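Hi,

Here is the structure I promised to pass on to you. Have a look at it first, and then read my notes below.

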Amino acid sequence: HIILDENKKVRQNLIFWGNGTDGKPFERPFIGVNPEWKNIKWVSYPRADLAATIVGISDTDDVAFVTLSEFQEIADLKKGDDIFYLGFPLGFGAEEGSDPVLRKGMVALKKHDKKYFYIDATVAGGNSGGPVFKETKQGVRLIGIVTAFEPFIATDGNKYHSGLGIVYPFDYIKKLLPSSEFEATR
């Protein structure tokens, strides 16, 4: 929902933001990415609200990569585990030069189908796509990606924030990416 516009077209002026191995952040616009690549792939809700892209990182780019050993499976999460998440809720942090807001919450509920779990955390527009991680004895482990907050719909029809955020765990994302459900939009 943040990659595609209301006409299901890829938004203009998207950037890739990451860190170099020296710890310094860098930005790269998607303009000029090799047109032979299928740049954006998309699965629409309710299966998953996720997008994947090739950003055109070359061998000469000094990019800090996350390895699979730095991910944690959802089976290892327990209700009540502390979590941390990054994002730009309501645009906070973005105007200061891409410095995301760090927040803390906890695992509130794991769904039986393991496609997503809830966190007891204030999630707002701008948190979408942000990483969720947990401190372990082995170090910080990435556990998922924030996708939305769970609305509470009152009897009067108004929507309110329930205080629960929805997170797609990385083990579900890893299963989804190579599937036929992930279809290119262009």
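K174 counts as partly exposed because its relative accessibility is 37%. Its partner in a salt bridge is E73, with the closest N and O atoms 3.1 Å apart. E73, at 35% relative accessibility, is partly exposed too. What I like here is how far apart the two sit in the chain: E73 belongs to the loop between β4 (50–53) and β5 (82–87), while K174 is in helix α1, 101 residues away. Do keep in mind that this is a predicted model.

How many salt bridges turn up in the whole structure? A search finds three. Besides the E73 pair, there's one between D81 and K134, at 2.9 Å from N to O. D81 lies in the loop between β4 and β5 and K134 in strand β8 (residues 131–136), so this pair ties together parts that are 53 residues apart in sequence. Are these two buried or exposed? Both D81 and K134 are buried.

Then there's D82 with K104, where the N to O distance is 3.8 Å. D82 is in strand β5 and K104 in strand β6 (residues 101–110), 22 residues apart. D82 is partly exposed, because its relative accessibility is 39%. K104 reaches 52% and therefore counts as exposed, since the cut-off for that word is over 50%.

Now back to the helix for a charged residue without a salt bridge. D171 sits in α1 (residues 170–176). D171 is buried, and the nearest side chain of opposite charge, K175, is 5.7 Å away. That is no salt bridge, because one needs the nitrogen and oxygen within 4 Å. Leaving out neighbours within four places in sequence, D171 touches E73 and I74, and E73 is the residue that bridges to K174.

On to the strands. The protein has 11 of them and one helix, and the order from the N terminus is β-β-β-β-β-β-β-β-β-β-α-β. Strand β10 (residues 159–169) pairs antiparallel with β7 (residues 117–120) over four bridges, and I119 has G165 as its bridge partner there. β10 also runs antiparallel to β9 (residues 139–153), joined by eight bridges, with V146 partnered by V167. Five residues separate β9 and β10 in their hairpin, where G157 takes a positive phi near 90°.

Finally, the overall numbers: 33% of the 186 residues are buried, and the accessible surface is about 11800 Å², 54% of it from carbon and sulfur atoms.

Cheers

Notes. Residues numbered from 1 in each chain as written. Predicted model: local features only at pLDDT ≥ 70, side-chain atom pairs only at ≥ 80, totals over all residues. Heavy atoms only, no water. Buried < 20%, exposed > 50% of the residue type's maximum accessible area, 1.4 Å probe, protein only. Areas by Shrake-Rupley, 256 points an atom, 1.4 Å probe, with all protein chains shown as cover. Pairing = 2+ DSSP bridges. Lys, Arg positive; Asp, Glu negative; His and termini not counted. Contact = heavy atoms within 4.5 Å.
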